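Biologist: Before we discuss this model, I would like each label to be set against its definition. Could you take me through the reasoning step by step?

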Amino acid sequence: MTIKTILVPLDGSVVSRTALQTGVQMARSCNAHLEVVHVRTNPKDAVPLLGEGISGAVIEDIITAAEKEAVERARRAKEIFEETCLASEFPRTDNPANCDGPSTTWIEEVGREDEVISMRGRLNDIIVVNRPTDDTAVSATMTLNAALVETGRSVLIVPPEGAVDFGRRVIISWNGSAEAARAVAASMPLIEDAEKVMIITMNGGDDASSEAKELGQYLAWHGVNAEIETNCVSDHNVGEILISKCADWNADLLVMGAYTHSRLRQLIFGGVTRHVLSEAKIPVVMVN
């Protein structure tokens, strides 16, 4: 598939600028349309959560303060959009007939960001989001999970430090799952443009080696000559080893399936997806 539409949620935070910059870079590389969305929260949605015994005056003060914060966040988000897109010189349009190169559009909605992104994400080729950290809002994690689990689309997760240049050295984490296959298919434009590609398997054994060779053969039909590395590690070390391999090989993009085991199991006991989401220092393409 080709990448022709890219969705970037922009919440107005400093770190959200890095996701937008990455989206701009990808739009330029793929000649794609960049849809930038800011979701302004409705302060009145929080009223039912305040509980009983709170006076009307207090509730009104809380709503007023929340409205001010929402307006300020929207202002910051629009400012980031204006500055970044002015530098990129992308034309602004929502009509595909008006542009044959990279373009962008600004959209502002009221509601919950995770719900808006889960709906809009289904009609975009890829969603670019920041990797949540301990310092980011809970809503950022909710938006990421909505993008991964509820859209059926690929998600490019950008580290807090940003990604000025990526996609030259690509590692594919391959376990033969449907999720990993969808991640490879969604990332083919990036994989085909890479200078080096490595397929890494972590469960060892003849079956894993055979599956990796089959993926290598599939990529060869797309003109990609991939290296293959088969590892045998215990389940609880896979995420850690994968991150280490990316660093050792100087990879600048990781492609993998998300939640290939039960998502509930991974949330409770940990797992590869959870570890990569918390530790990756390079951009990661994930598909559930």
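Biologist: Why does N250 count as exposed?

Modeller: N250 has 56% relative accessibility, and the term exposed is used for values over 50%, with buried meaning under 20% relative accessible area and partly exposed in between (1.4 Å probe, protein chains only); N250 therefore counts as exposed. As for the basis of such statements, this is a predicted model, in which local features need pLDDT of at least 70 and side-chain atom pairs count only at pLDDT 80 or more, while totals for chains, interfaces and linings use all residues. Residues are numbered from 1 along each chain as its sequence is written, and side-chain values use heavy atoms, with hydrogens and water left out.

Biologist: Where does N250 lie, and what is its phi?

Modeller: N250 lies in the loop between helix 8 (238–248) and strand 9, where helices (H or I, at least four residues) and strands (E, at least two) are DSSP runs numbered from the N terminus. Its phi is positive, about 60 degrees, although N250 is not a glycine. Most residues other than glycine have a negative phi. E89 also has a positive phi, near 60 degrees, and is a residue other than glycine; E89 is placed in the loop between helix 2 (56–88) and strand 3 and is exposed, with a relative accessible area of 68%.

Biologist: What makes L254 buried or exposed?

Modeller: L254 has 1% relative accessibility and therefore counts as buried. L254 is found in strand 9 (residues 253–257), a strand that is mostly covered, with 5 of its 5 residues buried. From strand 9, L253, V255 and G257 point one way, whereas L254 and M256 point the other way.

Biologist: How do you know which residues L254 touches?

Modeller: A contact means heavy atoms within 4.5 Å, and, not counting residues up to four places away in sequence, L254 touches I171, S173, L242, C246, V276, I282, P283, V284 and V285. Among these partners, V284 is 30 residues apart from L254 in sequence, yet the two are 4.7 Å apart in space, C-alpha to C-alpha. For the protein in general, residues 24 or more positions apart account for 79% of the contacts with a separation of 6 or more.

Biologist: How do you know which strands pair with strand 9?

Modeller: Two strands pair if DSSP finds at least two bridges between them. Strand 6 (residues 169–173) is joined to strand 9 by 3 bridges and runs parallel to it, while 4 bridges join strand 9 to strand 10, again running parallel; both counts therefore satisfy the definition. I171 has L254 as its bridge partner in strand 9, and L254 in turn has V284 as its bridge partner in strand 10.

Biologist: What makes strand 3 and strand 8 the edges of the sheet?

Modeller: The open sheet of 10 strands has the order 3-2-1-4-5-10-9-6-7-8, with mixed pairing. Strand 3 (103–110) and strand 8 (227–230) each have a single partner strand, so one side of each is left without a neighbour in the sheet. Neighbouring strands of this sheet are turned by 20 degrees against each other on average, direction ignored.

Biologist: Why are the buried residues of helix 10 said to be on the same side?

Modeller: The buried residues of helix 10 (residues 272–279) are T273, V276 and L277. They cover an arc of only 100 degrees around the axis, which puts them on the same side of helix 10, the arc being that of the directions from the helix axis to the C-beta atoms. An α-helix has 3.6 residues a turn, so residues three or four places apart point the same way.

Biologist: What makes a set of residues a nonpolar core?

Modeller: A nonpolar core is a set of buried Ala, Val, Leu, Ile, Met, Phe, Trp, Tyr and Cys residues joined through side-chain atoms within 4.5 Å. The largest such core has 47 residues, of which I6, M26, I172, I191, V197 and L219 touch the most other members. The largest share of this core, 6 residues, comes from helix 1. A second, separate core of 32 residues includes I127, A251, L254 and A280.

How values were computed: Axes are lines fitted to C-alpha atoms, for helices over the stretch in contact, and angles run from 0 to 180 degrees between N-to-C directions.
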